[in-house]
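Reader: I am in my first year and would like to take a close look at the empty spaces inside this protein. Could the account then move on to its charged side chains and its unusual backbone positions?

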Amino acid sequence: MTMSAGWYLRRLSRMGPQEIAGRAGDAARRRRWRTARPAAPAVTGARFTAVLPAGTIAAIPPDAAKRLVADADRLLDGHAEYFGVARDDLTDPDWSRDPKTGRRASAGYAFDVPYRDEDTVGDIKQIWEPSRHQHLTRLAAAYAVTGDERYAERAADHLRSWWAANPPLRGVHWISGIELGIRLLSWVWVRRLLDGWSGAGALFEDNPVAVGQIWHHQRWLAAFPSRGSSANNHVIAETAGQYASACAFDWFPDSPRWRENALRSLDRNLRANTFHSGLNRELASEYHGLVLELGLAALAEADAAGRPVPATLRIVLLRMTDALAAVVDNRLRSPRQGDADDGHGLIVDGAGTDRWASLLATGDAAFGRLDWWPEVTATDVRTPLLAALIHRATPAVTRPRTRPAHFADAGTTVLRGPEKLWVRCDGGPHGFLSIAAHAHADALSVEVRHDGVDVLADPGTFCYHGEPEWRRYFRSTLGHNTLELDGTDQSASGGPFLWTRHARTRVLDVDTSADGVARWSAEHDGYQPSVHRRRVELTTATEELRLVDEVRGPRRDVRLAFHLGPAVAADLVGGRAVLTWIHEGEGRSAVLDLPGQLSWRAHRGESDPPLGWYSPGFGRKEPTTTLVGTGSADGAADFTTVLRFRG
């Protein structure tokens, strides 16, 4: 997808004077760097001392180690999957080739590469993801667990190959700061996990090429920070990676300055990116996980190096962990709100490891769990590694005495039935900063799960670049469990990561304390002069969920959508849908009584235009059933939907 002149004008309109000045400075620096490419300073006597304490590897649970080694064996055979694309070329990868389209990105000056143009470079996510080198942290972890040098040698081969193919400022891997930051963090952990291997020093600190790459990565990150309207999860990845590297690879004259500036920026931006309640301000659930992983990894480096961090940094990470514990369902699944691209801060685990359980386990190790936290029984590799470095401490801050249900600043409310019923109600801001890059037009939407199964699902994200029609659909109002007026979104999109008008939402009432019935109501102004208001009531004893959508204003065309999870089948007759699914070998069912004023139709796997899809992960989509009711609202109209669970 190439960006039009109109997009650039819309993007510019969302920036303030300080950001515009900063970006102008960046542009001038890029021009200078085209010809001024200094060599990295000579380093002599460098040593890597940020090693794991004795006994750390022995603390890894055997089943977690088994999953890790199985993944590493697949990598040795050259097999991996990125965003739904299976690869068998990982023995000797082409670091600039997109396997999905077969296109190859240019190896020219980095800032000349049109990385948003899929016709020229291919799918940039497919190119970038392997170069985060998170498959190498798994290979290195497998070496640490088994002592099998095949894993270490393959990791070393890939690093030498990547360094040779991607000299500083050449090619597509020197464009985006988030990629450089995560890659640096991976290199820190590869070196740490290979510490027992005889070739580790020759690969890193005694290797001028490696030393030069590390220096150039840090120089780049110091020069081109994400700023202003782009200071979201990207700046967290940049600063966490730079801080970790400046702690662990503190071999350069600039290391103290890089470390100090990165820590200051990390602390400031963690606070800016996080509501006081602990939820991430992007209101994109997966990015909450990414930012928390990056923050914990940076904290581990600080504690390992014996370097103090601001108290506010630990407090934010503690609040984020408590907030995560509060919002997960009974199967420890996080909400699916907003964008998601399967991004991780640090990967040392094999397939099948529960990401959210892992984060809660690490949070327990770092800060201590509260009595109301859900129980975590799953195991992982990452928690014992981070726990060995992080000094356990609970900051002097008041923590919730009971499990929070309503996060007023984030506009997120979770209603719960007897153990298994989970309902998320969205009454929060549209997104973060002026562009709300990772927001969806999902005001007043709900997610409903029963024992971890998506019943009324948030369809997800699927893609960022290259497929604009699909990007629009998965971000749209119609693509969520909410009400659309006149065929338009509640908020106005200016491009794939840009919203030019944000619907304003306010929560009117929340009551989760009453016995028997939990209530929530909110409204938004995205359809002025009309107002859409939604009331939700959950009767816990009968597991009955009632939604009332009120529309006030002039006559408007209405579409009300309910997206079923991929496991749920629907038999729609008139205004009633019988929902059935199998869970752990048992049949489950529910009845969805839909508003009679609307004409209802089931859609499944339609492509022109897209409707009836669920994305279980980035780059993947599968057909599911979407129920859409069409009609109109004139003056004052109420539409009532009732969901009853059976047996």
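Author: The account below takes the cavities, then the charged residues, and then the backbone.

The model is predicted. Rolling a probe the size of a water molecule over the atoms shows where empty space is left. A search of the whole structure yields 6 cavities of 30 Å³ or more. The largest cavity holds about 150 Å³ of space. Its lining consists of 14 residues, and those closest to its centre are Leu-279, Ser-285, His-288, Pro-335 and Gln-337. Two helices, H13 (285–305) and H14 (311–327), each contribute at least two residues to this lining. Sorted by class, the lining of the largest cavity comprises 7 nonpolar, 6 polar and 1 charged residues.

The second largest cavity has a volume of about 50 Å³. Among the residues that line the second largest cavity are Asp-426, His-430, His-440, Asp-442, Gln-490 and Thr-505. This second lining divides into 4 nonpolar, 6 polar and 2 charged residues.

Helix H13, which helps to line the largest cavity, also leads to the charged residues. Glu-293 lies in H13 and Arg-382 in helix H16 (residues 382–389). These two residues form a salt bridge, with 3.4 Å between the closest N and O atoms. The pair therefore ties together parts that are 89 residues apart in sequence. Both Glu-293 and Arg-382 are buried.

Side chains of opposite charge can pair when their charged atoms come close. The structure holds 56 salt bridges. In one of them, Asp-638 meets Arg-552 at 3.1 Å, N to O. Because Asp-638 belongs to strand E23 (residues 625–646) and Arg-552 to strand E14, this pair ties together parts that are 86 residues apart in sequence. Asp-638 is partly exposed, its relative accessible area being 33%, and Arg-552 is also partly exposed, at 29%. Another salt bridge joins Glu-19 to Arg-11, where the closest N and O atoms are 3.9 Å apart. Glu-19 has a relative accessible area of 7%, so Glu-19 counts as buried; Arg-11, at 8%, is likewise buried. Salt bridges also link Asp-329, Arg-333, Arg-424, Glu-447, Arg-449, Asp-454 and Asp-458 in a network.

Which side chain of opposite charge is nearest to the buried Glu-543? It is Lys-420, at 8.0 Å, and Glu-543 has no salt bridge. A salt bridge requires the nitrogen and the oxygen to be within 4 Å. Glu-543 is found in the loop between strand E13 (531–539) and strand E14 (544–563). Leaving aside neighbours within four places in sequence, the contacts of Glu-543 are Pro-418, Leu-421, His-450, Leu-643, Arg-644 and Phe-645.

The backbone remains to be described. Most residues other than glycine have a negative phi, and most peptide bonds are trans. Leu-332, although not a glycine, has a positive phi of about 65 degrees. Leu-332 sits in the loop between H14 and helix H15 (355–367), and is buried, with a relative accessible area of 8%. Leu-433 also has a positive phi of about 65 degrees. Leu-433 lies in the loop between strand E5 (421–426) and strand E6 (446–450), and at 29% relative accessible area is partly exposed.

Two peptide bonds may be added here. The bond from Gln-528 to Pro-529 is cis, with omega near 10 degrees, and Pro-529 is placed in the loop between strand E12 (517–524) and E13. The bond from Asp-608 to Pro-609 is cis as well, with omega near 0 degrees.

Note on methods. Residues numbered from 1 in each chain as written. Predicted model: local features only at pLDDT ≥ 70, side-chain atom pairs only at ≥ 80, totals over all residues. Heavy atoms only, no water. 1 Å grid on protein atoms, 1.4 Å probe; cavity = no way out; pocket = protein on both sides within 12 Å on 5 of 7 lines; lining within 4 Å. Points joined across faces, edges and corners; volume = space filled by probe spheres on them. Helix = DSSP H or I, 4+ residues; strand = E, 2+ residues; numbered from the N terminus. Nonpolar A, V, L, I, M, F, W, Y, C, P; charged D, E, K, R; others polar. Buried < 20%, exposed > 50% of the residue type's maximum accessible area, 1.4 Å probe, protein only. Lys, Arg positive; Asp, Glu negative; His and termini not counted. Contact = heavy atoms within 4.5 Å.
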